[in-house]
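Biologist: Could you take a close look at the salt bridges here and walk me through how they are placed and how exposed their partners are?

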Amino acid sequence: MRIVLALIALLTGFGFAARADIDVEQMPAELRAAFVRGIQEELNERGYVAGKADGAIGPRTRAAIQDYQRDAGIEPTGKASKDLLEHLRFAEPRIVAPKPA
């Protein structure tokens, strides 16, 4: 929760809060890393294996984003964004990875 609140404060300060969706690639490096860490932590909590929450978007993070997006009925772009983080945090019902057979 602290990361989300810090991100909201940072987004507001950078003028991003008013935009509907923000691709993290457009953010300053420090903000981008914090944002991606938040997404990775949320994905890992839900069973989507994003790897270590290191703030870098690698193949595991991108695949975990796509898997989550598919399960949530969102177009599976694999992109980290403000809308994705909000969906991870607030979507009801809560989306979790299917358990392996």
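Modeller: In this predicted model, a network of salt bridges links Glu-42, Arg-46 and Arg-89, and the structure as a whole holds five salt bridges. Within that network, the side chains of Glu-42 and Arg-89 meet with an N to O distance of 2.8 Å. Because Glu-42 belongs to helix 2 (residues 29-45) and Arg-89 to helix 4 (residues 82-90), this pair ties together parts that lie 47 residues apart in sequence. Glu-42 is buried, its relative accessible area being 6%, whereas Arg-89, with 24%, is partly exposed, the boundary for buried being under 20%.

Another pair that involves helix 2 is formed by Glu-45 and Arg-94, whose closest N and O atoms are 3.6 Å apart. Here too distant parts of the chain are linked, since Glu-45 sits in helix 2 while Arg-94 sits in the segment after helix 4, 49 residues away. Glu-45 counts as exposed, at 56% relative accessibility, and Arg-94 counts as partly exposed, at 45%.

A further salt bridge joins Lys-82 to Glu-86, with 3.1 Å between the closest N and O atoms. Both residues of this pair, Lys-82 and Glu-86, lie in helix 4, where they are four residues apart, or about one turn of the helix. Lys-82 counts as buried at 11% relative accessibility, while Glu-86, with a relative accessible area of 36%, is partly exposed.

Notes
Residues numbered from 1 in each chain as written. Predicted model: local features only at pLDDT ≥ 70, side-chain atom pairs only at ≥ 80, totals over all residues. Heavy atoms only, no water. Salt bridge = Lys/Arg side-chain N within 4 Å of Asp/Glu carboxyl O. Helix = DSSP H or I, 4+ residues; strand = E, 2+ residues; numbered from the N terminus. Buried < 20%, exposed > 50% of the residue type's maximum accessible area, 1.4 Å probe, protein only.
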